[in-house]
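Please look through the structure shown below, and then read the briefing that follows it, which takes up one topic at a time.

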Amino acid sequence: MKPRMDTDKYGFVPRLAILVVVILVSVWCSSCGSGCSNDVLNEAVSPDGKYVATAFIRSCGATTDFSPQVSLRPVGQKLTDIGNVFVGNHSDKINVAWQSSTQLVIQTDAVSARLATNFQDIKIVKENFAH
């Protein structure tokens with residue numbers, strides 16, 4: 001009796017083709033990033049050395065406007081992609097400065113999309129840049 005060489009619709013060849021397609025799609029998707037980038041403008045460590053505030057501009061390409069953002073986190077913690085205490089629109093100007101260990105000032109001319117006024121007992125104040 002000769003072994004059968006043809007395959008049915010769920011045989012080896014179709015399974016191999018599906019596997020190759022899955023691998024190619026996985027590789028292609030892994031190379032796809034968010035398309036966004038962050039440009040850090042300044043960082044300031046709190047006077048007591050516990051926290052770091054990072055002011056950055058998030059840009060997601062030609063079809064979106066600049067987004068000034070601020071991330072406030074404990075020293076040693078990694079910077080996240082999106083600001084956790086301030087997210088603004090329509091500006092590329094932002095600065096952070098500590099007034100004390102418990103008060104952070106965000107200076108920007110941006111329209112606020114999100115502004116936290118308190119983080120871990122740190123008061124956060126937004127001031128407009130002087131024009």
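**Strands at the end of the sheet**

In this predicted model, E8 and strand E9 (residues 122-127) pair in the antiparallel sense, and the pairing runs over two bridges. One pair of bridge partners is formed by phenylalanine 119 and isoleucine 122, the latter lying in E9. These strands belong to an open sheet of four strands, whose order is E5-E6-E9-E8 and whose pairing is mixed. The edge strands of this sheet are E5 and strand E8 (118-119), each of which pairs on one side only.

**The chain as a whole**

- The protein chain has one helix and nine strands, and, read from the N terminus on, its elements follow the pattern α-β-β-β-β-β-β-β-β-β.
- The protein chain has 131 residues, and buried residues make up 27% of them.
- Among the contacts in the protein chain with a separation of 6 or more, 38% are between residues that stand 24 or more positions apart.
- The accessible surface of the protein chain comes to about 8800 Å², and carbon and sulfur atoms account for 58% of that surface.

**Strands E1, E2 and E3**

- E1 and E2 run antiparallel and are joined by eight bridges, and within this pairing alanine 44 has alanine 53, in E2, as its bridge partner.
- E1 and E2 also form a hairpin with five residues between them, and in the turn glycine 49 has a positive phi of about 75°.
- E2 and E3 run antiparallel as well, joined by eight bridges, and here threonine 54 stands opposite serine 71 in E3.
- Eight of the nine residues of E2 are buried, so this strand is largely enclosed by the rest of the structure.

**The largest nonpolar core**

- In soluble globular proteins, nonpolar side chains tend to be buried together.
- The largest nonpolar core here has 18 residues, and those that touch the most other members are Val70, Leu72, Ile94, Val96, Trp98, Leu104 and Ile106.
- The elements that give two or more residues to this core are E2, E3, E5, E6 and E9, and E2 gives the most, with four residues.
- Leucine 72, if its neighbours within four places in sequence are left aside, is in contact with ten residues that can be traced in the model, namely Tyr51, Val52, Ala53, Asn84, Val85, Trp98, Leu104, Phe119, Ile122 and Ile124.

**Arginine 73**

- Is arginine 73, which is found in strand E3, buried or exposed? Arginine 73 counts as buried, because its relative accessibility is 6% and the cut-off for a buried residue is under 20%.
- The side chain of arginine 73 is joined to the side chain of glutamate 43 by a polar contact of 3.2 Å, and a polar atom of the arginine 73 side chain lies 2.9 Å from the backbone oxygen of glutamine 77.
- Apart from neighbours within four places in sequence, the residues in contact with arginine 73 are Glu43, Lys50, Tyr51, Val52, Thr54, Lys78 and Leu79.

**The disulfide**

- A disulfide is a covalent bond between the sulfur atoms of two cysteines.
- The structure holds one disulfide, formed by cysteine 36 and cysteine 60, whose sulfur atoms are 1.9 Å apart.
- The link of cysteine 36 and cysteine 60 is right-handed, with 110° about the S-S bond.
- Cysteine 36 lies in the loop between helix H1 (12-30) and strand E1 (37-45), while cysteine 60 lies in the loop between strand E2 (51-59) and strand E3 (67-74), so the pair ties together parts that are 24 residues apart in sequence.
- Cysteine 36 is partly exposed, with a relative accessible area of 25%, and cysteine 60 is also partly exposed, with a relative accessible area of 29%.

**Serine 101**

- Where is serine 101 placed? Serine 101 is in the loop between strand E5 (94-100) and strand E6 (103-108), and at 23% relative accessibility this residue counts as partly exposed.
- Although serine 101 and valine 45 are 56 residues apart in sequence, they are 9.2 Å apart in space, C-alpha to C-alpha.
- Not counting residues up to four places away in sequence, serine 101 touches Pro47, Asp48 and Ile122, and its side chain reaches the backbone nitrogen of aspartate 48 at 3.1 Å.

Technical notes: Residues are numbered from 1 along each chain as its sequence is written. This is a predicted model: local features need pLDDT of at least 70, side-chain atom pairs count only at pLDDT 80 or more; totals for chains, interfaces and linings use all residues. Side-chain values use heavy atoms; hydrogens and water are left out. Buried means under 20% relative accessible area, exposed over 50%, partly exposed in between (1.4 Å probe, protein chains only). Contact means heavy atoms within 4.5 Å. A polar contact is a pair of N or O atoms within 3.5 Å; within protein, one must be able to donate a hydrogen and the other to accept it, and residues adjacent in sequence count only if both atoms are side-chain atoms. A disulfide is a pair of cysteine sulfur atoms within 2.5 Å. Two strands pair if DSSP finds at least two bridges between them. A nonpolar core is a set of buried Ala, Val, Leu, Ile, Met, Phe, Trp, Tyr and Cys residues joined through side-chain atoms within 4.5 Å. Accessible areas come from the Shrake-Rupley method with a 1.4 Å probe; for residues, only the protein chains shown count as cover.
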